[in-house]
Amino acid sequence: MNNEAVQKYCNLMAEVKLRTRVVYALMDGKLHVGFKATTIEVIYLQFRKMLELIAIGSLVANKDVYSKAHESFIKHKRADYIIKDIERLNSNFYPQPIIQKPSGVSGVKMEWLERPQDYLTKDDLIKLYGKCGIILHSENPYGSQIDYGYYEGKMEYWGSRIMNLLNAHYIRLVNDPNLYLIQMGSKDEAPSHCAFAPTSKLKD
């Protein structure tokens, strides 16, 4: 069991949680950074940071692999290219969101149910990453103008889809046979993890 690696992953999720708090403080008007355009830009900067943490989080079990993926975000603008690079390193990199409910089966405490399509899918991540790239660059006065109204109208949508993805999800770390259940926790709680080994491994 790779406790150190999965704890590093949880630390990344804790950062996502803090950035989410900033997003909602800005949306609720509890935090002010200037005029409206600046507020919207700061929110999408947080989204972009969160997407990067989500995308490369499962690679923390291998420092060299993680560093390579991190450099990919710095060098490339196309999220779809970055995702393809990450999938080559860990084909199971993307979090799998679940809904937990008490089980009616003897000896089983909780059941995992598939979450409906109300979360940030991999295609959503690619789309949102591109949107973030547009708004975080200065407008070309001779080109098409950034529609800040559109971005403002989609803030709640993207925020909720990210939270629905991560609230309770499982991951597979690179080069690790175990499956890890991650629970983000409420309010000030730190994200927690629980490992599940393959059945064949348990029988050995």
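In what follows, contact means heavy atoms within 4.5 Å. With that understood, let me turn to Tyr-151 in this model, which is predicted.

Tyr-151 is found in helix 6. Leaving aside residues up to four places away in sequence, Tyr-151 touches Ile-40, Tyr-44, Lys-131, Ile-134, Ile-135 and Ile-146. For one of these, Ile-135, the C-alpha atom is separated from that of Tyr-151 by 8.4 Å, with the two positions 16 residues apart along the chain counted as their separation. Is Tyr-151 buried or exposed? Its relative accessible area is 5%, and because buried means under 20%, Tyr-151 is buried.

I come next to the aromatic pairs. The count comes to eight aromatic pairs. In one of them, the ring centres of Tyr-44 and Tyr-151 are 5.0 Å apart and the planes stand at 85°, so the pair is edge-to-face. Which parts of the chain does this pair tie together? Tyr-44 lies in helix 2, residues 36-56, and Tyr-151 in helix 6, residues 148-166, so the pair ties together parts that are 107 residues apart in sequence. Both Tyr-44 and Tyr-151 are buried.

A further edge-to-face pair is formed by Trp-112 and Phe-196, at 5.2 Å centre to centre and with 85° between the planes. This pair, too, links distant parts of the chain: Trp-112 is in strand 2, residues 110-114, and Phe-196 in strand 5, residues 192-196, 84 residues apart. Here the rings belong to partly exposed residues, with a relative accessible area of 31% for Trp-112 and 37% for Phe-196.

Returning to Tyr-44 and Tyr-151, these two form one aromatic cluster together with Phe-47 and Tyr-150. Two charged side chains also sit over rings. The charged end of Arg-78 is over the ring of Tyr-81, 4.3 Å from its centre, and Lys-154 lies over the face of Trp-158, at 5.8 Å from the ring centre.

Now the nonpolar core. The largest one has 52 residues, and those with the most contacts inside it are Tyr-44, Phe-47, Ile-86, Leu-120, Leu-128 and Ile-162. Among the elements that each supply at least two residues of this core are helix 1 (3-27), helix 2, helix 5 (122-135), helix 6 and strand 4 (179-183). Ile-162 touches Phe-47, Met-50, Leu-51, Ile-54, Leu-120 and Leu-128, again without counting residues up to four places away in sequence.

Two helices deserve a closer description. For helix 6, the 19 residues should span 27 Å at 1.5 Å a residue, and the end C-alpha atoms are 27 Å apart, which agrees. Helix 6 nevertheless bends by about 40° at Lys-154. Its buried residues include Tyr-151, Met-155, Trp-158 and Ile-162. Against what do the buried residues of helix 6 pack? They pack against helix 1, helix 2, strand 1 (96-102), helix 5, strand 3 (168-171) and strand 4.

For helix 2, the 21 residues should span 30 Å at 1.5 Å a residue; the end C-alpha atoms are 31 Å apart, which agrees. Of those 21 residues, 15 are buried, so helix 2 is largely enclosed by the rest of the structure.

I close with Ala-197, placed in the loop between strand 5 and helix 7 (199-203). Ala-197 is partly exposed, with a relative accessible area of 29%. Ala-197 and Val-65 are 132 residues apart in sequence and 23 Å apart in space, C-alpha to C-alpha.

Definitions and conventions. Residues numbered from 1 in each chain as written. Predicted model: local features only at pLDDT ≥ 70, side-chain atom pairs only at ≥ 80, totals over all residues. Heavy atoms only, no water. Phe/Tyr/Trp six-rings, centres within 6.5 Å; stacked < 30°, edge-to-face > 60°. Helix = DSSP H or I, 4+ residues; strand = E, 2+ residues; numbered from the N terminus. Buried < 20%, exposed > 50% of the residue type's maximum accessible area, 1.4 Å probe, protein only. Lys NZ or Arg CZ within 6 Å of the ring centre and 35° of its normal. Core = buried A, V, L, I, M, F, W, Y, C linked by side-chain atoms within 4.5 Å. Expected span 1.5 Å × (residues − 1). Bend = angle between axes of the 7 residues up to and from the residue.
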